[in-house]
Amino acid sequence: MNGYMGKLLRIDLTNQTSKTEPIPEEVLKNFLGGVGIAFKYLYDELKPNTPPLDKENKLIFAVGPLNATGTPSSNRMSVVSKSPLTGTIAASFSGGHFPDQIKRAGYDMIIVEGKAPKLTCVVIKDDNVRFRDAEKFRGIETMDTQLFIKEELKDQNYRIACIGPAGENLLPIACIINERRAAGRKGMGAVMASKNLKAIAVLGSQKPTIANPSK
């Protein structure tokens, strides 16, 4: 797909299941970048008047065609949902290693749906997805949460996006933190918490193809 992996990962927290789906090439061409394809899917799939903190809302992490290619300043992601702060669809942006690991795991986008029965951490390693109890991390701030999850997984190479006490208390300005980076706009942390999702840990081993690497 020359920059894109051509597929998304759909996570159903309610049923604790996941599946991959192809992203049509025409969508990737017509809705450029992570924010473009994320808005396209959210617009198509979200029912009108869905409350932002309802389990029917979706939380989407999406990356663009330059992620994990070595292009300078390209390690960015869009976090898209319906905002509890504004009541409309919105995007928040963050950088760091977590976005590139989404691509290296084989995905252009992760769509999170439903609500877990208890506080949960989703662990993604390439095409393997696991759901782990995260109740022990309730009330813990984001930097410690990342440290403890890496220790539990026994692998410091995982990159983690998580919420802290502000998100857990559904504050409409709550952030999603990965490393020391923040998806800090529009209350995406509250949306994540409304799904009982404490963290997503990602580790991948793949690389996107490039049509003309020398150029």
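The following paragraphs lead from the overall dimensions of the chain to its two sheets, the helices that pack on them and the nonpolar cores.

This is a predicted model, in which local features need pLDDT of at least 70 and side-chain atom pairs count only at pLDDT 80 or more, while totals for chains, interfaces and linings use all residues. Residues are numbered from 1 along each chain as its sequence is written, and side-chain values use heavy atoms, with hydrogens and water left out.

The protein chain has 6 helices and 12 strands, where helices (H or I, at least four residues) and strands (E, at least two) are DSSP runs numbered from the N terminus. Its radius of gyration is 16 Å, close to the 17 Å that the globule rule gives for 215 residues, so the chain is as compact as a globular protein of that length; the radius is taken over C-alpha atoms, and the rule is 2.2 Å times the number of residues to the power 0.38. Along the principal axes, the C-alpha atoms fill a box of roughly 50 × 45 × 30 Å. Of the 215 residues, 54% count as buried, that is, under 20% relative accessible area, with exposed meaning over 50% and partly exposed in between (1.4 Å probe, protein chains only). Among contacts (heavy atoms within 4.5 Å) with a separation of 6 or more, residues 24 or more positions apart account for 66%.

One open sheet is formed by 6 strands in the order 2-1-6-3-4-5, with mixed pairing; two strands pair if DSSP finds at least two bridges between them. Strand 2 (17-22) and strand 5 (89-94) stand at the edges with a single partner strand each, so one side of each is left without a neighbour in the sheet. The twist averages 20° from one strand to the next, with axes being lines fitted to C-alpha atoms, for helices over the stretch in contact, and angles running from 0 to 180 degrees between N-to-C directions. Strand 1 and strand 2 run antiparallel and are joined by 6 bridges, and L8 stands opposite E21 in strand 2. Helix 2 (residues 33-45) lies across strands 1, 2, 3, 4, 5 and 6, running at about 20° to strand 4, whereas helix 3 touches strands 3, 4, 5 and 6 and its direction makes about 90° with that of strand 4.

The other open sheet also has 6 strands and mixed pairing, in the order 8-7-12-9-10-11. Its edge strands are strand 8 (128-133) and strand 11 (181-183), each of which pairs on one side only. Strand 10 (residues 176-178) runs antiparallel to strand 11, with 3 bridges between them, and the bridge partner of I176 in strand 11 is A183. Helix 4 (residues 142-153) packs on this sheet, touching strands 7, 8, 9, 10 and 12, and its direction makes about 135° with that of strand 9.

A nonpolar core is here a set of buried Ala, Val, Leu, Ile, Met, Phe, Trp, Tyr and Cys residues joined through side-chain atoms within 4.5 Å. The largest has 30 residues, and those with the most contacts inside it are L59, F61, I124, I176 and I200. Elements that give two or more residues to this core include strand 1 (7-12), strand 3 (59-62), strand 7 and strand 12, while helix 6 gives the most, with 4 residues. Leaving aside neighbours within four places in sequence, F61 is in contact with residues including M77, F98, I110, I176, M192 and I200. A second, separate core of 16 residues includes Y4, Y41, A91 and I111.
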